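Here are a few exercises to work through with the model open beside you. Try each task before reading its solution.

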Amino acid sequence: TSCQFSRDGEQLALITADALLLYEPATGKKSVVDSGKKFYGSPCFSDSGNSLVYLASDDTSEEARCSVQLWERGVGVRTLVSDSFEEPTGRYITAKSAPFFSRSGKRVFVEMEPLRSKPEYEGVDIWKWDEMLNPPMEKAPSTLTKRFQFVIDVAESKLVQLSTSDEDSILHFGGGDADYAVLYNDTPYRIASYWETNPFSRWASDPCCDIYLLNLEDGSRRLLRSRVDGTPHLSPEGKYILWHSRTDHDWHCLNIIEGSEVNLTKGLEYPFYDVTNDTPQPH
């Protein structure tokens, strides 16, 4: 039903109706990795090709809960996360979770989604000015709620929650093997942005955000900058955060280790934004 090559092309993971197979194109050798479940999905090899992570379930329905399984060469199969695991807000591993390895293969990242429901709309809905979503939007988590990201330490089968809010966005570097990542969240400024601009308009500006340093070992976070009026970008080695300010129209760079910030384009003769993009909002 689906397949996935290893990075070097020497192995091919094959999913059939009731099994996960490993096939070596060069030799024609085929072996069974796992069988007996009603569903297998999202096979992903580590860069070395010595490990394979995938989803498995005894249920084929849309609401099926899946486990995260790990196959290791010479070791066999073990469960990293069971299908009974549920995050405090009700999120769990589904067929769409699609786990993947960090570059070294020491970590596996996976996303969990909330329980899907089709609420019946009865009575009168009341929305208050200080609520993030109006009632119909609040009752539609399947389309408006983000998946939460988790990281698994492969050696210890330790699961750490990284996302705790629908507004969390995570930037990784170093192939996901670093001690930390960068997280940004616009929750404190979302309501204000609704009143300042129309978020459903093509002219709308994104709200400001707070930027955090996210510890991948325990999920803790430390505030780096608050009320940043631009979208953060992470440098390849994770040393700097870059953003374009919608207020002063300059590019700012934050040194994560030192905590120092530099305006890279202040005082320069030429603008560093699209001067031909004439819209009624900050550049």
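**Exercise 1.** What percentage of the 283 residues of the protein chain count as buried?

*Solution.* Keep in mind that this is a predicted model. Start with the cut-off: a residue is buried when its relative accessible area is under 20%. By that criterion, 41% of the 283 residues qualify. Next, look at the surface: the chain exposes about 15900 Å², with carbon and sulfur atoms supplying 51% of that area.

**Exercise 2.** Find the largest nonpolar core and say which strands each supply at least two of its residues.

*Solution.* First, take the core itself: it has 17 residues, and those with the most contacts inside it are V53, V68, L80, I93, F101, V108 and I152. Then turn to the strands: β6 (51-57), β7 (67-72), β8 (76-81), β10 (107-112) and β11 (148-153) each contribute at least two residues. Now zoom in on I93: leaving out residues up to four places away in sequence, I93 touches L55, A64, R65, C66, V68, V81 and M112. Finally, look for a second, separate core; this one has 15 residues, including F173, A178, L234 and W243.

**Exercise 3.** In what order do the 4 strands of the open sheet with antiparallel pairing lie?

*Solution.* Step one, the order: β13-β14-β15-β16, paired antiparallel. Step two, the edges: β13 (169-171) and β16 (221-228) each pair on one side only. Step three, the twist: it averages 25° from one strand to the next. Step four, one pairing in detail: β15 (residues 209-215) runs antiparallel to β16 and is joined to it by 5 bridges. There, C209 has V228 of β16 as its bridge partner.

Note on methods:
Residues are numbered from 1 along each chain as its sequence is written. This is a predicted model: local features need pLDDT of at least 70, side-chain atom pairs count only at pLDDT 80 or more; totals for chains, interfaces and linings use all residues. Side-chain values use heavy atoms; hydrogens and water are left out. Two strands pair if DSSP finds at least two bridges between them. Axes are lines fitted to C-alpha atoms, for helices over the stretch in contact, and angles run from 0 to 180 degrees between N-to-C directions. Buried means under 20% relative accessible area, exposed over 50%, partly exposed in between (1.4 Å probe, protein chains only). Accessible areas come from the Shrake-Rupley method with a 1.4 Å probe; for residues, only the protein chains shown count as cover. A nonpolar core is a set of buried Ala, Val, Leu, Ile, Met, Phe, Trp, Tyr and Cys residues joined through side-chain atoms within 4.5 Å. Contact means heavy atoms within 4.5 Å.
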